[in-house]
Amino acid sequence: MKKVPNPYYPYGYQPQQPYPQQNTRTHFVSGLVAGAAVAYLLSNKKVQQGVASAGNRAWSTVRGEVEELKERLEDTQAELEYYRNLHKEQ
């Protein structure tokens, strides 16, 4: 018996089958364990302090980089102004 191609799915494409329901218990248990781990980490004082100090260091670095960019922009603007004035005088 010859297989007739489906006109709705040319070139042999077939849609994916629905997600199997047999792994729901495994997914539930793994989600439960992951949720418990996250809850433990978020309620642990040492973890909270570590996250806060890392956040402070990151924010401090970002502020420093923004200040550096501001200085470079001001230098570039002053340089442009110098060259504009230089060409006006000629």
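Helices here are DSSP runs of H or I with at least four residues, numbered from the N terminus. With that in hand, Glu65 can be placed in helix 2, residues 45–89. The model you are looking at is predicted, and these exercises walk through it.

**Exercise 1. The overall picture**

Find how many helices and strands the protein chain has, and what share of its residues is buried.

*Solution.* Start with the secondary structure: the protein chain has two helices and zero strands. Next, turn to burial, where the cut-off is under 20% relative accessible area. Of the 90 residues of the chain, 0% count as buried. Finally, look at the surface as a whole: its accessible area is about 9,100 Å², and carbon and sulfur atoms account for 59% of that.

**Exercise 2. A nonpolar patch**

Which residues make the nonpolar surface patch, and is Phe28 buried or exposed?

*Solution.* First, list the members: Phe28, Val29, Leu32 and Val33 together make a nonpolar patch of about 410 Å². Then locate one of them: Phe28 sits in helix 1, which covers residues 24–43. Now check its accessibility. Phe28 has a relative accessible area of 57%. Since exposed means over 50%, Phe28 counts as exposed.

**Exercise 3. A negative patch**

Name the residues of the negative surface patch and work out the exposure class of Glu65.

*Solution.* The patch is formed by Glu65, Glu68, Glu71, Glu74, Asp75 and Glu79. Take Glu65, which we have already placed in helix 2. Its relative accessible area is 49%. The partly exposed class runs between the 20% and 50% cut-offs, so Glu65 is partly exposed.

**Exercise 4. Salt bridges in helix 2**

How many salt bridges does the structure hold, and how are the partners of each one spaced?

*Solution.* Begin with the general idea: side chains of opposite charge can pair when their charged atoms come close. The structure holds two salt bridges.

- Step one: Lys70 pairs with Glu67, with 3.6 Å between the closest N and O atoms. Because they are three residues apart in helix 2, about one helical turn separates Lys70 and Glu67. Lys70 is partly exposed at 45% relative accessible area, and Glu67 is partly exposed at 43%.
- Step two: Glu81 and Arg84 meet in a salt bridge at 3.7 Å, N to O. Glu81 and Arg84 also lie three residues apart in helix 2, about one turn of the helix. Glu81 is partly exposed, at 39% relative accessibility.

**Exercise 5. An aromatic pair**

What is the geometry of the aromatic pair formed by Tyr82 and Tyr83?

*Solution.* A search of the whole structure finds one aromatic pair. In that pair, the ring centres of Tyr82 and Tyr83 are 5.2 Å apart, with 70° between the planes. Planes over 60 degrees apart count as edge-to-face, and the Tyr82 and Tyr83 pair is accordingly edge-to-face. To finish, compare accessibility with the cut-offs: Tyr82 is partly exposed at 48%, and Tyr83 is partly exposed at 42%.

Definitions and conventions
Residues numbered from 1 in each chain as written. Predicted model: local features only at pLDDT ≥ 70, side-chain atom pairs only at ≥ 80, totals over all residues. Heavy atoms only, no water. Buried < 20%, exposed > 50% of the residue type's maximum accessible area, 1.4 Å probe, protein only. Areas by Shrake-Rupley, 256 points an atom, 1.4 Å probe, with all protein chains shown as cover. Patch = residues over 30% accessible without salt bridge, like charges linked within 9 Å, V, L, I, M, F, W, Y side chains within 5 Å. Salt bridge = Lys/Arg side-chain N within 4 Å of Asp/Glu carboxyl O. Lys, Arg positive; Asp, Glu negative; His and termini not counted. Charge placed at Lys NZ, Arg CZ, Asp CG, Glu CD. Phe/Tyr/Trp six-rings, centres within 6.5 Å; stacked < 30°, edge-to-face > 60°.
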